[in-house]
Amino acid sequence: MIVKVDGLVKRYGRLVALDYLNFEVKEGEIFGLLGPNGSGKTTAINCILSLLKYDKGTIEIFGKKMGPDKYDIKRDIGIIMQNVAVFDELTVYENIYYFCSLYINDKEKIKEYTEEAISFVSLEEYKKFYPKKLSGGLLRRLNIACGIVHKPKLIILDEPTVAVDPQSRNKILEGIKLLNEQGATVIYTSHYMEEVEQICDKIAIIDKGKVVAQGTKDELKAMISIGEKITIETYQITEEQIMIIRELPNVISVIYDNNQLEIKSGRGKNNLLQVLHYMENNKIAFGKVFTQLPTLNDVFLEITGKELRD
Ligand SMILES: Nc1ncnc2c1ncn2[C@@H]1O[C@H](COP(=O)(O)OP(=O)(O)O)[C@@H](O)[C@H]1O
Ligand SMILES: [Mg+2]
């Protein structure tokens, strides 16, 4: 086990930010901590890293108890914080070099690692730039390079793609996959379910400081009752006809809003055909039709009763 969080409780005054949080991260995984803003992701990361005191619980990293003075553990961790932390007085190259030199002694090796980290985040053209001259996406990439330059075994990234352009976002996600393929274990926090679905092997969904569900994305989706969502564009359906569709076999719910008829069906069965037959037989004209498999948002919605999105 690379990380083991057991019964973690953290209060800020009267606010309970972490409420007996539990999860385990195995070697070689990309582990996703998925939760809405304010669910406790950053607090959890800060406790795991011993940057923040907590009220209860235990944290083990690499099989050893973690603590503020466990430098041997810290050396093997790369941290990419939610708030970019680089030196404005240093160039891109100098920043990465500096962070590397905190961990590595050999000068040649520092240079080599610095170059590798620069090409890893594709900042070759910006080596001599100062952070203030970089766009948000490039600055994030610099922040990541500083966090991974010493080749840590465990890499923790806290919402690394917030306010990042799509090109940088893809670079970041591809980079995380690559680091993982090269052997690093990764903890990735986000409130974007698409990203977590895209790159994470294991996912813990957190809400109000508690893990409400965890597993692979397929395991999570199998936990919920809906199988598929059908959306049909129609302008002339009556309340009565909607009631009849609601009564069709294997239909879980029907919502009609904004000329969109959204039908959720039970797991394993597709009832698109019977719905379309019903509409044809009753001369209900319809436009675009599409179906969607459940998303992690559906899982979150079913478990907590609210949307993952802000
Ligand atoms: N330093 C702090 N003092 C008081 N409350 C805090 C502090 N940091 C975070 N919180 C609160 O703790 C909860 C969890 O916050 P946080 O860990 O930042 O969540 P997330 O990273 O998932 O957005 C939120 O309700 C937040 O307002
Ligand atoms: Mg946060």
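## Exercises on a predicted model

Lysine 153 is partly exposed, with a relative accessible area of 46%. The exercises below refer to a predicted model.

### Exercise 1: Lysine 153 and its partner

Find the residue with which lysine 153 forms a salt bridge, and place both residues in the chain.

Solution.
1. The partner is aspartate 76, and the closest N and O atoms of the pair are 3.6 Å apart.
2. The two residues belong to distant parts of the chain, 77 residues apart: lysine 153 is in the loop between α5 (136-148) and β7, aspartate 76 in the loop between α2 and β6.
3. Aspartate 76 has a relative accessible area of 24%, which lies between the limits of 20% and 50%, so this residue counts as partly exposed.

### Exercise 2: Two further salt bridges

How many salt bridges does a search of the whole structure find? Describe the bridges formed by lysine 151 and lysine 229, and classify the accessibility of each residue involved.

Solution.
1. The search gives 13 salt bridges.
2. In one of them, lysine 151 is paired with glutamate 116, with 2.6 Å between the closest N and O atoms. This pair also links distant parts of the chain: lysine 151 lies in the loop between α5 and β7, and glutamate 116 lies in helix α4 (residues 107-120), 35 residues apart.
3. Lysine 151 is partly exposed because its relative accessibility is 44%. Glutamate 116 is partly exposed as well, at 36%.
4. Lysine 229 bridges to aspartate 298, the closest N and O atoms being 3.5 Å apart. Lysine 229 is in strand β11 (residues 226-234) and aspartate 298 in helix α11, with the two positions 69 residues apart, and the pair thus joins distant parts of the chain.
5. Under 20% relative accessible area a residue is classed as buried. Lysine 229 stands at 11% and is therefore buried; aspartate 298, at 6%, is buried too.

### Exercise 3: The surroundings of ligand 1

Name the residues around ligand 1, sort them by character, and list polar atoms of the protein that lie beside ligand oxygen atoms.

Solution.
1. The residues around the ligand are Tyr12, Leu15, Ala17, Pro36, Asn37, Gly38, Ser39, Gly40, Lys41, Thr42 and Thr43.
2. By character, four of these residues are nonpolar, six are polar and one is charged.
3. β2 (15-25) and α1 (41-48) each contribute at least two residues to the shell. The largest share, three residues, is that of α1.
4. Two backbone atoms come into play: an N or O atom of glycine 38 lies 2.7 Å from a ligand oxygen, and a polar backbone atom of serine 39 is 3.2 Å from a ligand oxygen.
5. From a side chain, an N or O atom of lysine 41 is 2.9 Å from an oxygen atom of the ligand. Ligand 1 taken alone exposes 560 Å², of which the protein buries 58%.

### Exercise 4: Positive phi outside glycine

Locate serine 50 and glutamate 159, give their phi values, and decide whether each is buried or exposed.

Solution.
1. Most residues other than glycine have a negative phi.
2. Serine 50, not a glycine, has a positive phi of about 60 degrees. Its place is in the loop between α1 and β4 (56-61).
3. Serine 50 is buried because its relative accessible area is 16%.
4. For glutamate 159 phi is positive, near 45 degrees, and the residue sits in the loop between β7 (154-158) and α6 (166-181).
5. Glutamate 159 has a relative accessible area of 3% and is therefore buried.

### Exercise 5: A nonpolar patch and a polar contact

Which residues make the nonpolar surface patch of about 350 Å², and with which side chain does that of aspartate 72 make a polar contact?

Solution.
1. The patch is made by Phe87, Tyr98, Leu102 and Tyr103.
2. Phenylalanine 87 belongs to the loop between β6 (77-80) and α3 (92-101). At 33% relative accessibility, phenylalanine 87 is partly exposed.
3. Aspartate 72 is found in helix α2 (residues 71-74) and is partly exposed at 40% relative accessibility.
4. The side chain of aspartate 72 is in polar contact with that of lysine 64, at 3.3 Å.

Conventions. Residues are numbered from 1 along each chain as its sequence is written. Chains are lettered from A and ligands numbered from 1 in the order in which they are written. This is a predicted model: local features need pLDDT of at least 70, side-chain atom pairs count only at pLDDT 80 or more; totals for chains, interfaces and linings use all residues. Side-chain values use heavy atoms; hydrogens and water are left out. A residue is near a molecule or strand if one of its heavy atoms lies within 4 Å of it. A polar contact is a pair of N or O atoms within 3.5 Å; within protein, one must be able to donate a hydrogen and the other to accept it, and residues adjacent in sequence count only if both atoms are side-chain atoms. Accessible areas come from the Shrake-Rupley method with a 1.4 Å probe; for residues, only the protein chains shown count as cover. Helices (H or I, at least four residues) and strands (E, at least two) are DSSP runs, numbered from the N terminus. Ala, Val, Leu, Ile, Met, Phe, Trp, Tyr, Cys and Pro count as nonpolar, Asp, Glu, Lys and Arg as charged, and the others, Gly among them, as polar. Patches are made of residues with over 30% relative accessible area and no salt bridge: like charges are joined within 9 Å, nonpolar side chains (Val, Leu, Ile, Met, Phe, Trp, Tyr) within 5 Å. A salt bridge is a side-chain nitrogen of Lys or Arg within 4 Å of a carboxyl oxygen of Asp or Glu. Buried means under 20% relative accessible area, exposed over 50%, partly exposed in between (1.4 Å probe, protein chains only).
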